[in-house]
Amino acid sequence: MNVDLPVPHRALAVGAHPDDIEFGCGATLAKWAAAGCVVHHLVLTDGSKGSWDPATDLAELVHRREEEQRAAARRLGATGEVVMLGQIDGELESSLALRAQVAYWIRRLRPDVVLGHDPWKRYRLHPDHRHAGWLTVDGVVAARDPHFHRDHDVAHHRPSALLLFEADEPNHAEDVTGHGETKVAALLEHRSQWRSTMHIEPDDDGTQLEAFRARVLGRLREHGAEVGVPEAELFHAIVDL
């Protein structure tokens with residue numbers, strides 16, 4: 001398994017929902033941001049299904065999740081754009097129209113590295129994650145070739161690498177030693193997801209929060225052990241783009 005790409009000048013992470021990027025590659029983005037990389041976020045849905053409370057005000061939830069995403073990006077040290085496409089949570093489709101939007105942002109932001117969900121992950125339950133993966137992969141292809149979406153007002157752009165997180169067959173690791181706590185801090189900015197995703201109840205005395213922190217850091221250590229470093233995030237890397 002390969003370890004560490006050169007730190008890119010610009011990186012674009014694409015996620016289905018607010019918080020997916022932090023779960024999938026937050027420590028890698030924190031490492032790169034600390035080294036001077038301009039980190040951008042592209043979030044495809046509005047996060048409007050992200051509550052277990054049937055009485056939740058969905059408009060307020062959407063606003064809150066966008067603010068949480070921007071706060072999480074700041075926690076990572078990201079200085080690039082946070083772009084919210086606002087598709088309805090749970091109804092994302094890997095359509096030609098959305099592929100064009102993803103390709104547009106790749107062309108406009110011109111990342112050296114794109115990161116996103118692995119669409120080939122087996123037995124993935126959430127449809128948005130599957131579609132987000134295809135939109136990322138297909139968007140890279142469309143962005144790189146000049147005869148796709150010729151109506152765009154920006155030139156075509158070919159990234160140097162694509163890193164897919166949540167991969168069944170990882171072939172690449174990023175050594176994120178020392179950046180695990182930043183990943184945790186960024187995830188905890190998504191406070192609306194504490195109960196449903198992180199299993200932290202509102203009346204928690206700190207025990208559940210600490211258990212969540214231990215789970216995140218423990219996974220980084222497990223992945224690090226696979227490549228001989230203290231902490232790592234794993235990806236399937238495609239570098240022949």
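**Helix packing and positive phi in a predicted model**

The model is predicted. In it, Ala72, Arg75 and Leu76 of α2 meet Thr182, Ala185 and Ala186 of α5.

Me: How do the residues of the contact of α2 with α5 divide into nonpolar, polar and charged?
Reply: The α2 side brings Ala72, Arg75 and Leu76. The α5 side brings Thr182, Ala185 and Ala186. The split is 4 nonpolar, 1 polar and 1 charged.

Me: Is α2 roughly parallel or antiparallel to α5?
Reply: Helix α2 spans residues 58-76 and helix α5 residues 180-188. Their axes lie 8 Å apart and the packing angle is about 165°. Angles over 145 degrees count as roughly antiparallel. Therefore α2 is, relative to α5, roughly antiparallel.

Me: What is the handedness of the crossing of α2 and α5?
Reply: The two helices pack at about 165°. Their crossing is right-handed.

Me: Which elements do the buried residues of α3 pack against?
Reply: Helix α3 covers residues 96-109. Its buried residues include Leu98, Val102, Trp105 and Ile106. The buried set packs against β2 (10-15), β3 (38-45), β4 (82-87) and α4 (127-144).

Me: Which residue just after α3 takes a positive phi?
Reply: The residue lies in the loop between α3 and β5 (113-117). Its phi is about 55°, although it is not a glycine. It is Arg110.

Me: Why does Asp4 count as partly exposed?
Reply: Asp4 sits in the loop between β1 (2-3) and β2. Its phi is positive, near 70°. Buried needs under 20% and exposed over 50%. Asp4 falls in between because its relative accessibility is 34%.

Technical notes
Residues are numbered from 1 along each chain as its sequence is written. This is a predicted model: local features need pLDDT of at least 70, side-chain atom pairs count only at pLDDT 80 or more; totals for chains, interfaces and linings use all residues. Side-chain values use heavy atoms; hydrogens and water are left out. Helices (H or I, at least four residues) and strands (E, at least two) are DSSP runs, numbered from the N terminus. The expected span of a helix is 1.5 Å times one less than its number of residues. Buried means under 20% relative accessible area, exposed over 50%, partly exposed in between (1.4 Å probe, protein chains only). Contact means heavy atoms within 4.5 Å. Axes are lines fitted to C-alpha atoms, for helices over the stretch in contact, and angles run from 0 to 180 degrees between N-to-C directions. Angles under 35 degrees count as roughly parallel, over 145 as roughly antiparallel, 65 to 115 as roughly perpendicular and the rest as oblique. A crossing is left-handed if the near helix is turned anticlockwise from the far one by less than a right angle, and right-handed if clockwise. Ala, Val, Leu, Ile, Met, Phe, Trp, Tyr, Cys and Pro count as nonpolar, Asp, Glu, Lys and Arg as charged, and the others, Gly among them, as polar.
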